[in-house]
Amino acid sequence: MKEITLRVTEEIAQLVKQWAEHIPDMEVVATDDCDDSIEFCDQCLLAALTTLRENKVIVHPYDFTWIMAAINQYAVDGIEGFRSSNAFVKYLKVLGVEDVPCRDTISSNINKVEDVYPTWTFSDTDEPCEVRRRRNVAIQFVAAYNKAKRQGSTGCSTK
């Protein structure tokens with residue numbers, strides 16, 4: 001069997017449960033309230049960054065640029081985009097992220113991102129391995145963030 005997590009509004013939650021009851025070999029495994037509070041999203045972002053560092057996905061200070069770009073292109077639920085690289089760097093520092101790159105590092109790289117996540121191209125390189133690596137920083141960040149949200153004790157838990 002496969003387990004699929006759905007996030008629905010309170011208004012249709014009961015309808016989804018009733019629908020599931022009428023489909024053979026389908027069961028509702030868990031229903032939980034979702035915590036989309038800013039503090040919870042901050043914790044998930046911090047957990048995702050920790051995971052990426054532990055897995056050595058973030059290897060250059062400018063790799064934070066790809067994370068900011070993904071957030072700004074709405075790839076991450078619960079976090080609004082940042083108006084500037086300075087705002088992003090300040091946010092990371094407030095969260096307690098260590099070794100945050102300087103604003104100039106982010107600023108000088110954010111405009112190199114072209115197209116739409118996750119199929120970005122970059123104006124400064126077309127080398128396939130580097131393009132793939134940069135895309136994967138963002139993709140793995142989004143995955144780690146979503147996993148942290150699912151596993152959060154006050155968040156949307158799939159149990």
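A search of the whole structure, which is a predicted model, identifies six salt bridges, a salt bridge being a side-chain nitrogen of Lys or Arg within 4 Å of a carboxyl oxygen of Asp or Glu. Because the model is predicted, local features need pLDDT of at least 70 and side-chain atom pairs count only at pLDDT 80 or more, whereas totals for chains, interfaces and linings use all residues. Side-chain values use heavy atoms, with hydrogens and water left out, and residues are numbered from 1 along each chain as its sequence is written.

One of these salt bridges pairs Arg133 with Asp63, with 2.8 Å between the closest N and O atoms. This contact links distant parts of the chain, since Arg133 belongs to helix H6 (residues 128-151) and Asp63 to helix H3 (residues 63-72), 70 residues apart; helices are DSSP runs of H or I with at least four residues, numbered from the N terminus. Asp63 has a relative accessibility of 0% and therefore counts as buried, a class defined as under 20% relative accessible area, with exposed meaning over 50% and partly exposed in between (1.4 Å probe, protein chains only).

Arg133 also forms a salt bridge with Glu130, at an N to O distance of 3.0 Å. Both residues, Arg133 and Glu130, lie in helix H6, where three residues, about one turn of the helix, separate them. Glu130, at 16% relative accessibility, is likewise classed as buried. Through shared partners, salt bridges join Asp63, Lys112, Asp124, Glu130, Arg133 and Arg134 into one network.

A further salt bridge connects the side chains of Asp104 and Arg103, at 3.3 Å from N to O. Asp104 is partly exposed at 47% relative accessibility, and Arg103, with a relative accessible area of 39%, is also partly exposed.

Note on methods:
Helix = DSSP H or I, 4+ residues; strand = E, 2+ residues; numbered from the N terminus.
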